[in-house]
Amino acid sequence: MKNKYGQLSSLVYEVDKPVGVSFGDVEYYVDRLRDVHGLILEPGVGNGRFLVPLLKAGKTVVGYDASPNMLEVAHAALAQHKVKADLVVGDFASFQTEQRFDAIVIPAGTFQLIDSFNVAMLVLARFYQQLNKGGRLMLDLDAAQAIFNSKPSMRKWQVSDHALVTLASTPLSIDYANQVSTELHRYELWENGQLARTELEEFSLRWWSPSEIKMAMQLAGFSNVAVSGGYEYGRAPHSNDELISVEGVKN
Ligand SMILES: C[S@@+](CC[C@H](N)C(=O)[O-])C[C@H]1O[C@@H](n2cnc3c(N)ncnc32)[C@H](O)[C@@H]1O
């Protein structure tokens, strides 16, 4: 399965980006959500890095994620921080609910894990349907150049006194027509110098241009679509922005 976030991938995400890590997104969205007192949905909720600060800011959040491993880590984070949220296994392409939300928030470039334009359009339409009138969709996109300029890399994380995880990342393909970059991720768990487990993950990301995502949001029904650079709401993205944030309203 693509973009699987299996056992080792989830372990690395938690060691690398636990609750407490912010890319500027936590502060930005807590501020953007200051007037939201109803239900919030976080698709691709992951390990709870972003969820837990939202809950601590007094928000009520429902999260879903395709990875049971990530949700297991998230449940542990909820218990550790003594906060509560409903978390379910669900996929962007098929997640259905009777609940309606005042905001849907997708930080950390997670929307780019939907590597098909057509599926992304269906997901945007479903988000629109799942919002209350006046509700807002907010999502982040990593800059295109960070996605199609990926290079082979090797990283390692000490996960306990006697264990480390390595990640060898190899670019596999770039589809410029469909704006999709694919890497092969090979995770290895080493215990006392012995290889204990390996995990292979095909990892695809789709890049979007600012005007493309704006039109896509408008096509899905959203109004007042704002595309901002560097977590400065309303500031048009620059060529060297590493991050753009997008926000639209259901009227
Ligand atoms: C970059 S992590 C973001 C986690 C968290 N939202 C954060 O901000 O730190 C992306 C998450 O999306 C989940 N994911 C990947 N593909 C998915 C899909 N098709 N449907 C739902 N979740 C998916 C992964 O399992 C992972 O937990």
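Modeller: A polar contact is a pair of N or O atoms within 3.5 Å. The model is predicted, with pLDDT of at least 70 needed for local features and 80 or more for side-chain atom pairs, while totals for chains, interfaces and linings use all residues. Residues are numbered from 1 along each chain, and side-chain values use heavy atoms, without hydrogens or water.

Biologist: How far is an N or O atom in the side chain of Arg49 from an oxygen atom of the ligand?

Modeller: Arg49 is one of the residues that come nearest to the ligand, of 20 around it (a heavy atom within 4 Å). Its side chain has an N or O atom close to a ligand oxygen, at 2.7 Å.

Biologist: Which side chain has a polar atom 2.7 Å from a nitrogen atom of the ligand?

Modeller: Tyr13 faces an oxygen atom of the ligand instead, at 2.6 Å from an N or O atom of its side chain. The side chain with a polar atom 2.7 Å from a ligand nitrogen belongs to Glu42.

Biologist: How many salt bridges does the structure hold?

Modeller: Side chains of opposite charge can pair when their charged atoms come close. A salt bridge puts a side-chain nitrogen of Lys or Arg within 4 Å of a carboxyl oxygen of Asp or Glu. In this structure the number is twelve.

Biologist: Glu247 forms a salt bridge with Arg32; how many residues apart are they?

Modeller: The closest N and O atoms of Glu247 and Arg32 are 2.9 Å apart. Glu247 sits in strand β11 (residues 243-249) and Arg32 in helix α2 (residues 25-32); these are DSSP runs, with at least four residues for a helix (H or I) and at least two for a strand (E), numbered from the N terminus. The pair links distant parts of the chain, and its separation in residues is 215.

Biologist: Is Arg32 buried or exposed?

Modeller: Buried means under 20% relative accessible area, exposed over 50%, partly exposed in between (1.4 Å probe, protein chains only). Its partner Glu247 has 4% and is buried. Arg32 has 14%, so it counts as buried.

Biologist: Which residue forms a salt bridge with Arg186?

Modeller: Arg186 is partly exposed at 40%. Its partner is buried at 14%. The closest N and O atoms are 2.7 Å apart, and the partner is Glu188.

Biologist: What is the N to O distance between Arg235 and Asp241?

Modeller: Asp241 is buried, at 10% relative accessibility. Its side chain meets that of Arg235 in a salt bridge, N to O, at 2.6 Å.

Biologist: Which residues are linked in a network of salt bridges?

Modeller: The structure's total is twelve salt bridges. The network links Asp16, Lys17 and Arg155.

Technical notes
Polar contact = N/O pair within 3.5 Å; in protein donor to acceptor, adjacent residues only side chain to side chain.
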